[in-house]
Each structure stands twice: as structure tokens, then as C-alpha cells.
Amino acid sequence: MNATMSYRRPTRVCALFLSLIAACVPAISLGHDFIPGAPQDRPIAIVGATLHTVSGNDLLDATLLFEAGRITHVGPGATLPSDTEVIQATDKHVYPGLIEANTDLGLVEINSIRATIDSREAGSLNPNVQAVVAFNPDSELIPVGRANGILTALSAPTGGLISGRSALMQLDGWSRDDMTLKSEVAMHVRWPSDADDIQQLTEFFEQARRYEAAIADQQVGNAQPRDLRLESMVPVLEQKTPVIVAVDELDAIRSVIAFKRRFGLRLIIAGGTDACRCAVQLKSESIPVVVTAVYSNPSRRHSPYDEAYTLPKRLHEAGIVFCISAGGRFGASAIRNLPYNAATASAYGLSEREALRAITLSPAEILGVSDRIGSLQVGMDATVFIADGDILETPTQVVEAFIQGRRVDLRSRHTQLYEKYSEKYQRASK
Amino acid sequence: MNRFFFRIAVLVACTTCCVASTLTIAWVQAEEPDTVPDVGVRFQPPTSVLLKAAHIVVSADKELATASLLLQHGKIMAIGNELVPPGGVEVIDCQGKYLYPAFVDPLVEFDVKPNESPTGYWNSNVTPERRMAESLHVDKAKLKSLRKAGVGMVLAAPNSGIIKGQSCVLSTADAPLNELLHRSDVFQHIRLYPNRGNSERYPTSPMGAVALARQVLLDADWYQRAQQAAAANARLPRPDSSAALQALEPVIRARQTVVIDGTNELYALRGDRFAREFLLKLIIRGSGREYRQLDALAATGRTFIIPIDFPDAPKMNTEVDMLDTTLQTLMHWRLAPENPARLEQAGVDFVLTTDGITKPAELLSKLRSAIAAGLSEHKALSALTSEPAQLLGVEHLVGTLEVGKLANILVTDGPLFAKETNIEETWVQGGRDRWKAELTIDPRGQWKLINASDSVELQLEISGEPDELSAKIGLPTAFATAQGAKVAPADNPKTSTESASSQNKEDATSEKPIKVKELANNGLQLTGTFDAQKLGSKPNGRAWLSIVLLQDEGKPLAVDASVLWSDGSPTRFHATRVSPLSKDSPKADQPAESGARKSSEDEQAGSERPPAPKPPGSDNKNKPEASVADALPSVPCAINYPLGAYGRTAPPEQPDVLLIKNATVWTCDQAGILEHADILVRCGVIEQVGQNLEPVKDAQVIDGSGMHVSPGIIDCHSHMATDGGVNESGQTITAEVRIGDFIDSNDITIYRQLAGGVTTSNILHGSANPIGGQNQVIKLRWGSLDEDLKMREAPAGIKFALGENVKQSNHAGGSSRYPQSRMGVEQLMRDRFEAARDYREHWQHPERRANSLPPRRDLELEALVEVLEGRRWIHCHSYRQDEILMMLRLLEDYGVTIGSLQHILEGYKVADAMAAHGATGSSFSDWWAYKIEVLDAIPYNGAVMHRAGVVVSFNSDDAELARHLNHEAAKAIKYGGVEPSEALKFVTLNPAKQLRIDNWVGSITVGKQADLVIWNRSPLSTLSVCMQTWIDGRKYFDREQEQIRQQQDEQLRLKLIQLAAAQPGDKEEEANDKDPSLWWARYDEFCHHGHGHDDDREE
């Protein structure tokens, strides 16, 4: 496939290519048909493009070189190794892969079909369950998101009080073994409104503390039996694993902050509609916010009509670390619209630069992987994509994408069906 | 006929004469002829009563300063200054008292017995034949509560159903129903929504309820015609008997008035329209929200029954309360008491009701608020007395204090509307309730109990309210200690735990007086029991106390007390009262004094004389209770519409000439995109589009430099702005229901979408049924009333639906409703089309069925006839290609062209067939994967259909998504490469074509309505912001003015919050329960496309 190929119109080549693939892959009803990219076997240089480094300034007419899955050069002109594959990308834009920081991608295929839902375990306290265990590498939703530059996603369990642990997944690969970027990113908590539920949550954290102490006590005769739930809480109490708490309203956010203080947690807030009302605390406690719903209606009848649209701008002005997610109301099927969530925040006051950061470097920082992804810097994973315009603008096409240097297939069930039925009309027009 | 009543009165009088509050002195008229045989020896006491020397308010127009009222057998026999009462008359001295006619409440709902009529209507919500006189459940407690509030006569109305039944007029006396009933079958009562929480049986929604009510009235008319036809032609089949339809005959002939519940201001207008449609005589049962649409409601010319249950101040206990309480809630709290005054000033004909008032005492306080807010006292009184009496046709019985009317009288201790005036007595049909608790003998005070050896042994304290006395007993030293202890905490504040624990010890040690339990007072004797502990030499353990009250004429009260101790030994005490009342129970002071003063026994005994009554009309009493607004800094609060934040006080001005200059104009017609172009609008219509237009004198000019102007966004699939429920899911075919009956002009979503450039929206019925309800196209003229939102030019339409939703495939708990398959869907639709054909045939050629009853109008089939005749456009929810083809082929069989295919996510598979049919496609840009039938949904769908020649739009089906449909349009470029100028048509011209309104809107074309959006950059840019939205050449949204508006609204909100927080007394928790517009869904709950994705699925 040509690096600059556009998907605006299906071509006969495309269809041929498709039928070739179809010939060698058996038909699988719930599993997409796209072969994961091969490991990078020679240097690749993207030349002549605008590099949106995110960590630094945009670089015009610059070169991005990556070798063995890592970025080795970012900047104007470079001495390319002799076997370098050069992608001429004049007038194109290169971005670090976009990161969706809050989704059930891979855990839910079709909402209305129970058999396809693996995002929620029974009971309300499930800290022990891990998204990485049930992540479906062949979900049809993965290529769809990937095609718009979403190259990494935090797949998180949902429901209950403690939903479980999330995993940061690269959106290309054969299985969890090569797709997992980080297997245990955060513990996910849904902050309850009911006082009894808050009490239950508190007691559980207390139990976890005692469990931690019991395990630490090496005295003979004090053999604490293993408890999978409590054991999984130990890294949380040790601040190795952050807690992502879904919470929107002011009093609940305040309670969550108190809860964090009480148990000494690394807290990340997801949602945060009223976050700006306790900006001082969030800032002084270094609590970041994952904005989950830019495309939301105002929370109250008298709220400003653009309340949700301006939330990222207001967080930014308040000095609160935040990122933007698209995994809110419409679930993983809509994560391809991540850049438009950021763009809307930008239309309503956030700078375009910050908007881009909010879906690349910021989520990488919040999720603890900014040393691997989220910006174009030497030494980082070559998880990048090339677009034919500003990625915040809807008509822009992603034309090429790499995850750790592996060139990924940008087709999806959607392009397949598009090609199939385009063929129908092309035949008819003959 | 009063024998039963009398016996109870005698019994009560014998046992509890100390407390008069629960006692009704019966009117006995034993000498009157009676059809009931006598049993035993007759009671025939004298029966006349003279209410002497009162200030008598005969009516709102007439008062007698000092006059008497003679009552006999429940009626007013005479009124005047110098009445000579008959011998044996009971004289009640009413010096200083005011007498008013008791209130007449024009609408009180009562529970009804289940309707089991064998000749009822098929739908159990329709029970016009129900007569309250027969099916009323007499709730004695409710009647008493009404009497306590001052109500002597009520209209008793049924409390459930849609066509609920016929009310009767009852008096509120404590008597058998036959004595209470004064008029039957007064009004027919209608409510235009079903019971909440019913999701199974038709109708499940308000729009279904209205459709049902319409059909019932048509059926009532048909029933009369069918009866006549059958009577005239013996060969005709006999129509089934229907008591229900027969009962509506006086309604449809306008002989019987209907009362329709106007549960908010929109329901009031709907009630009026419904009555107009069927030429009914109407009274509107109001909501207290009439002030929001005063002009429109006044214009109906109807009579209103207005509640005065004004809300309490919103709760302001927490920061969250403060943040969450909407301006609308606050303004309603502030403005609701003005409602009656505003109605009065607008000349609206109205009467008042106690409806909604739960505590009897609140009636007067609410009335005083209304008066403080401007209601005249004259109107307040007549709207509760003479006017409702007239309305209910009982003006000859009640409403004024005149000879010959019922003895329905209020006795008050001052002018009715003055602050602190209380209703002391309510007389209904001569029956008397005394609400003021009084003690015939007041034993309260400190008593020394002196034993046989004349030494003070114990002390007794009796205190409390007249109807709830309490007592303590102990050694005199204990009382001294107790007094000391009571002072201590005040002087030397201790922690609350300490004082609490000291109180706990109280009963256990002798250092504190011991509480007497089970204290009972029968007027002559007090009895009780206590746990004796350390009472000198007395045995510990349970002891029993008995106190006989000895009131000799002219002497102080004495008591004779005895205690039976736990060992069985008795002690007798004499007692003397050391003080009438305990010094350390000041609370008991006031009632005891007044109790003593009012006690006739005391007067006879020559003890304290009652103080002279306060002169009537003394300043402090005559002034109505100060309102909230008086007591606190006034907060001017102009009424806007919709009430609260974002509301308007007037429609936006329409400039005669508007000129937008030098903008990038996306015409969405053949002219394409014009750079540096001008748009000239005259009187709301586009007059010229082009570069460098000639300046026009007095034009309002907008500099469009750097700006983009597009036609208003049109959303072809929305469920906003309807409060009638999105789905009528009680039947599979609901062609008769109309979204247009329930346009909710209050929906804040309208404004939010205006701010995203939406100017026109197609409000569709949901997808519960193969054939759903009729849609309504609206223009987002925010601030206008429901009818003015409707786009008059839009042709009629109807929702159809296919696939999973109508099969109920995703119903929790399964479903067995027909259809369960796409095969069944097709058959059901075909069958209905056949039915519609038959129906049309019958109406067009009744002569071909000479031996049939006359044709009956059927609103469901009429709508389908309009479909068959091409006068009503189908908008069909569809996903899979098979069902799309099914629909097109089925319609082709009947020669019908479809209006639009909605969702149409597999349209790309059959775009050729769609084009061949002439079908249009209104799709989501990129939704997929939320259920099986959308697994093959692709975002290229729009582009493929477009290239195949199908008119394509992208819609929202979602209150939020509609706010950025321009982003959706841009996806047609991304997925399939549609040209930008064509892509924008997906949300402008193309939906206009699909709705057949493209002659008026959808593009910036000369002659079209000036529905325009000004953007700060290309509307297809995700980075663009809607700056202004114009409809009909009026500016409904302006982002630059938003800041000012928000500040103004927020300042008002903050002021009202301060006012609310400063209010004493009860606080309102949530008022949502009273607003019917919040009771039904605002989205298609059958659609399963991720509304509140995270929350809905998981709980």
C-alpha cells in the first residue's frame, strides 16, 4: 500500500487487495480480518512533513526517523541510514498516536448483546479483575478507532463500586502479549452518591490496609491467607497504582479528595463536570482530570449552554492537569471522534496546541507512559501517524500509521463494507 | 334522620368534655318528617342556636358590624341586630368574633371505587359514566381536614382516569352521604395524560391519552347516530349498549361542562384547544403556573380553578443546594403567590381551591401571601365563597350568610385575612366544630399533696397543652433540685453529652420529679401511672395515680388525689395549688391562660374574667400578613418565558431590513459558496443574495467580514421539545397519536440547539411501533408558545419503524407482542393499509353498505388514509437492507412514495433501489455497533447514498448531538469524499427536502425564510463556533450577548437564593413531582443507542 494513499474513493486495487486477504483468512464472524503490522525491519523516515511534536514546537518541513520501533531523529534534515524507507510527506502532518484514556474498548462488542459484554463483573467490589485478561484483540471496534489515529487506548472495566484494573493497549497486534503497553494502569472506582456505599468503600479500603499490614508481618503463626481482592489493593495503597474515580459533582469531588487524603492515594478524576469549583484543591493535591464528555449537555438548566465545551479551557486556566477522552456516552464505538472532542474544546477557548496535547501527551503523562508515547521525541516509541491535514478537523484523513514502528492496516469493517458495496454500484454503472 | 349522629354526639359529650377540638355538636331536628321509622324513645331536644353579637360578613360585599344569626335545622333562619330568639335557644356569645360564610371548594379529588360497569368503554381509563355520587369513597378524615381549613362545601371529583367521570357537590359535614349530597353529575372530568408508571397498557403516554380522549368523543357522537340509524331501520344491526358513550351525550352537546386538568400552563392551553375542537363547555383546573402565560390563558376566556399551594422556599442547606437550584425554581417560588393577583388584574374568571394544601392551617397563610402579593381581599373571599357556589350551581345553598342558606359558617377571632387570625369554629349544615382546644376545668399548675397527717408529702406538676397534658410527681425537694438543674446549663454551658446523660437519669433517681405516664383526662378525673423511686418511705415500683377535679361554684379548684403503691397500699391526699402554672414551663403559659379565660365554668365561678376582646380592625390585626417580599429587600423579578434562565421577556425584534455584509455565504443552492457576499432580508424573508448589494435605508447591518453564513441547520430526527412521551407503546399501531399535541415550548434543549445553529427540527414519535405517531416539524422560535413553534408550512407526517425495536427484541424479560419477526412487521403494515382502504371505501360510498351502521370516524385509520392518498409523509426508522426493500415494495404496492427513511444505516447496500423509489435517507453520520442490526453500519453510508442520487441528511436523534450537526456534516467529506458544499446540505437543504419544506427553508435563496447561522469560520470546521442564529429574520441567539445574559440571570439567581435562605419554616425539597412535563422521556427509550451509555446499561 502506498503511504499517501487516500481512502476517499475505493479503487479496484483496493478491492483486489481485499479479496486476496479474504482468500487467506477464514471468515470469522466476530473478529476482524486485518493482519497486524510486521515488526519494523528497516529504518523509516517521514520526510517533508509538519511534525507536531507536542512536547515542543511544531517543526515544519522536518524529518521523523524511527528505527526498530523507536524514534531516532526529530527535526530538520537527517542523515538517513542506507536502507531507510522514505515516506515523502510534503504538506502532510505527523502526530504522535492519539490516546483514548477512558473506554471499554475490547471489553464490549455490541451493547445490546449480553454475550459480548465483558466489562463488568458481578458484585460491587472487584479490584482484582483486570481488563487485560478479557481484552478481545479481534474486536471490530479496534480497527475503526485506529483508522482515525487512535493508536493507544486505556481499556477499563466498568460498574460496581470498584470496577477493576485497566490496561493500556496498543491498537494493533495478534494478542494481548504484543498489544499491551502497560497491563495495570489504574484501579477504577465509581464514586457512589449513597452514604452506605461510601461507607462500604471506606471499610473495604480499611480492610486492605489491615491486609497489607498482616502480609507485612512476618511473625511465625501469623499466616494471613491470600485474598485476591485485598491483594490487588496493596499496590493502590502503596501508590504504585493510581485510582481513577468517576465523579462529576462538586460535593462528590470533595469527598473523593478527602478519601484520597485518608488513604494516601494517587488519584485521577474521570468526568469532573464541577472540577473547576474545587480547582485549588485539585491543583494543590496534583489531581489530574480525565474529561470524559466534552460533547455533553449542561449539568443544570441554568448552567451556561457551553458548560461542557468550555470545561477543558477552564481546567487549563485553573492550572489543573487534564486530558480529554471520547469514551463517554457512546462507548468504544465512538472513540474515533476523540480529536473532535478536543477540537470542540478548542473552538470554545482551549488553544489548538493544548487541545492536541489533551489527547496525546497529557493522557500519556496522566497514565504514566509519557516516556513511551504521547510526543515525538527521540527515544520514544514510534507510535505515530501521518495525516493529510489538521487532525482536529473532521475531513482530515489519516493516511499512514505506525505502532512501535509497525505499519498498521488502516482498513476496517467499515472500509471493507464500503468497498464491497462500491463494487455493486460500479458494476451497475458499466 | 339524625339519630345516629345524635347518639355519637351524646356519647362523645359524656366522655371527653374537657377537649372540645374533636367534638362536633350535632344539629338535631327530630321534629322534622322523616322516612326512617323511629327506634325506641325519640330524642327531641330544642334545636335553635343564636350566634349572638358577632361581626357578620354576609358576603364580600356586605358586612354587619354587630349582629346575630339564628340557626335552625341546619339553616340560617334569621339575621339581624335585635333578634328575639325562641325559647330554649342555645345562645352562643360571639362578641368580638367574626362570622364568614364557610368556603366552597370547587374541586377536591376523592378516591373512587373501581368502575365495574358492564357497558363501559373498552379502555379502563375512560369512565364517563362513573358518578361520584355513587362511587365516592367518603373519607371522613379528609372531610374533617377540609372543615378545619374552613371548607363547608366541595365539588367532589374522581381522581383517576383520562375521562374520569362526573363530580357531585357535597357538604363536608360529619354525616352520612345522603345528608351531604347536594348536586350530582355536575361536571365531567378529563385529564390529558395517563397514570404514571404504566408502560404496558394503552395509553402509556400523554399523546396517547389525548388521542384516546379524541376518539372517545367521536365515538360518543357516532353512538348517537348509530342508535338513531338503528331505530330508523330495523334491518340494521343493533349497536352495543354503552353507558359510557351515552354518558357523554350531554358533554358533546355542550349541556354538561367538562373540567380539564391544566396541570401546567401548557396543559391548560391544550385543554382549551381540546375543548374548542369538540365545542365543549370548559372549566380549566389550573396549576398555579398560569402567570407564565397569562395573556394566552386569559385569551381562552375560560373559567379557572386556581390552587394556592404556593411552594415553600427551596432548601438551601448545602453548597450543592445552592448550585443546583435553578433560577426557574427560585422564580417560581418568588412569583407563585402573585399568580392569583395577576389573574385578577388580567380579568381572568377564576375561583380558588384548597387543592394541594395538605395542612388545614396553611390555607389562610397562603391566602394572606396571595393578598400580600396583590390579590384583593374582596376577590379572595368571593373566590372562595360566592363565586364557586355560583360555579357549582349551589348559590342558593351556600356562599353567603343569608336567610334560607345552609348554616355553613366560619367563626374567627378577627378579620379573616389579618395576620394571626384563626378559624375557631366551622359550622357545616348546623354541625359545629370547635378547633380551639379548651379545658373545661384547668388543673395545670403546681400542687402540694398533703397526706392524712396534714404534712406535705409529695408535689405534683401538671402542665402541657390543653389537649396533651403531662404531669410529674416527686418530693418537694426534687422539684427544687430540678429547677436548679434547669438553670445550670444556661449559666454554665456544658457539653451536650453531659446534659443528655443527666436527663437520662431523671426518671431513675429521686432527685428529679418522676414523669407520670399514660396520663388521661376525662374532664373530671386525671389518671396515670409512674415508677416510684426513693419517694421517702413509699415503696418503690409501679404506682397508680388518680386525681379527681373538684370545682365547686365560686371556689378555687380542689383536687382529691390518691396513689396506689406497688405493695397494694393506698395513700389519699388533699391537695392545694401553689401556683396555677409552673414557672419553668413558659410554653404552657399561653394556652392555659386562654383556656381559663374561655372556660364558661371559670366565668361562672367568678374567677378571672376574660379580657375585653381586642377591638376589631385594630391596626396590627387588620393588616395582611407581611409577605416574604416585604420582610426582605425586594428582588424585582420580571416574568420571562420560558421561566428562568435563558427565558425571554419579549420575542426578538424583526428588523424591517437586515443586511449581512461581506461574509462567506454557503447558499446551499445552485449558487454554491459565495465569498464576500451580502444577504438582504426584508421582513423575515431573503430578498437578495450577492456581492456588493446596494445599501438600503434604515437597514440593520451586520458586518460579516471573516464570518461564514449558512442556512439554519435542520435536524430531521429529534425527540426534543415534547412532553407527551416520545413513544406511545401501548399498541403496535398508533397512527392516531400526535407529537404536535405535546410540543413543549419550555424545553431548554431548544435554546441549547439554537446555540448550535439549529433552526428547524423534526420532532418524531419513537420507534416502539411498526406504525407510530404523527410527527411535528418545529422552528426553534425560543420563547414562543407551543403552537407558535410549529412550522405551519410543513406537511403532515408519521413515524413508521422496523426491525429490532418493533419486534421488542431487546426487551428485558422478553416479549410476545405481534410482530416478533420482520415477516410479521410486513404483514401487520399491509393489513393496516387494507383496513385503511376499507375505511375510505366505507366513507366514500356508504350506500354500498346499506345494511351497515353509519361509518364511525377512526382517527388511526384516517391518518393511514392520508398516507395512502399522499397527504401524510412516512418517516420510517429502518436499519437492515431487507427491511428497507420490504418497506419500499410494500409502499409501491399501494402507490405510496416514502417521505424519508430514518437511520437507514444499510442504505448504502440498497441505495439504487432507494433512488429508484424516490426515497430519501436521513442517517446518523457514524453511529454503529450498539445492537446487532447496526453491525454493518458504516460512516460511508451517506456518501454512497448521495452518489446514488438519494437525497441524504445527517440527523441527531439526540439532544446533545444536535448541537453540532455541522460537525456531522463534515463527516460526509471524511467518509466518502462528498464535496463540502454538498456536505453542508446534509444538514440544511437535504433535510428540508425530506420534510418537504424546501420551498421555505434549507438554503440561502431569494424568497426563502431568513433562517441563518453566522459562524466564526467554515461551518464544516470542528473549530467553528456558532455566533448568531436567526429565524424568520429574528435573532434568537447571539453568543456575544450570552455573557451579559448569563450574568444577569446569575445575579438574579443569587439574590433569590439569599431571599430563600432567609425564609423561616418549611423548605421545599423537590418540586419536580408537580411538573407533568418532567414525567415522560425526552428520547426514544426503545432505540438503545447509548443514551447515558455507562449508566443505563449497568444499573
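Which residue stands opposite Ser718(B) in strand 35 of chain B? The legends below work through this predicted model one close-up at a time, and the strand pair in question comes up straight away.

**Close-up 1. A three-strand open sheet in chain B, with the strands running in the order 34-35-36.** Ile763(B) is the residue we were after: in strand 35 of chain B, Ile763(B) sits opposite Ser718(B). Strand 34 and strand 35 (residues 758-763) of chain B pair in the parallel sense, with 4 bridges between them, while the pairing of the sheet as a whole is mixed. Strand 34 (713-718) and strand 36 (776-779) of chain B take the edges with a single partner strand each, so one side of each has no neighbour in the sheet. Going from one strand to the next, the twist averages 20°.

**Close-up 2. A six-strand open sheet in chain A, ordered 8-11-12-13-14-15.** Here too the pairing is mixed. At the edges you'll find strand 8 (162-165) and strand 15 (322-324) of chain A, each of them pairing on one side only. The average twist from one strand to the next is 20°. Look inside the sheet for strand 11 (residues 187-190) and strand 12 (residues 243-247) of chain A, a parallel pair held over 4 bridges. Within that pair, Arg190(A) stands opposite Ala246(A) of strand 12.

**Close-up 3. Helix 5 (residues 195-216) packing on helix 6 (residues 228-237) in chain A.** The two axes lie 9 Å apart and make an angle of about 90°, so helix 5 and helix 6 of chain A count as roughly perpendicular. On the helix 5 side, the contact uses Gln207(A), Ala208(A), Arg209(A), Tyr211(A) and Glu212(A). Helix 6 of chain A answers with Leu230(A), Met233(A), Val234(A) and Leu237(A). Sorted by class, this contact has 6 nonpolar, 1 polar and 2 charged residues.

**Close-up 4. Where domain 1 of chain A touches domain 2 of chain A.** Domain 1 comes in two pieces, 12-97 + 388-429, and domain 2 spans 98-373. Their centres, taken over C-alpha atoms, are 29 Å apart. In this contact, 27 residues of domain 1 meet 30 residues of domain 2. Strand 5 (93-96), strand 17 (398-403) and helix 13 (413-429) of chain A each put at least two residues into the domain 1 side. Strand 17 of chain A gives the largest share, 3 residues. That side of domain 1 breaks down into 13 nonpolar, 10 polar and 4 charged residues.

**Close-up 5. The contact of chain A with chain B.** Chain A brings 42 residues to it and chain B brings 53. On the chain A side, helix 7 (250-263), helix 10 (338-347) and helix 13 each supply at least two residues. Helix 13 of chain A has the largest share here, with 7 residues. By class, the chain A side holds 19 nonpolar, 15 polar and 8 charged residues. For the complex, the predictor gives an ipTM of 0.93 and a pTM of 0.88.

**Close-up 6. Two stretches of chain B where pLDDT stays under 50, residues 486-510 and residues 582-632.** Over the chain, pLDDT averages 88, and 88% of the residues of chain B score at least 70. For residues 486-510 of chain B, the model has 18 contacts beyond four places in sequence. For residues 582-632 of chain B, the model has 84 such contacts.

Note on methods: Residues are numbered from 1 along each chain as its sequence is written. Chains are lettered from A and ligands numbered from 1 in the order in which they are written. This is a predicted model: local features need pLDDT of at least 70, side-chain atom pairs count only at pLDDT 80 or more; totals for chains, interfaces and linings use all residues. Domain bounds come from an automatic or database domain assignment. Two residues are in contact if their C-beta atoms, placed from the backbone, lie within 7 Å. Ala, Val, Leu, Ile, Met, Phe, Trp, Tyr, Cys and Pro count as nonpolar, Asp, Glu, Lys and Arg as charged, and the others, Gly among them, as polar. Two strands pair if DSSP finds at least two bridges between them. Axes are lines fitted to C-alpha atoms, for helices over the stretch in contact, and angles run from 0 to 180 degrees between N-to-C directions. Angles under 35 degrees count as roughly parallel, over 145 as roughly antiparallel, 65 to 115 as roughly perpendicular and the rest as oblique. pLDDT is the predictor's confidence in each residue, from 0 to 100.
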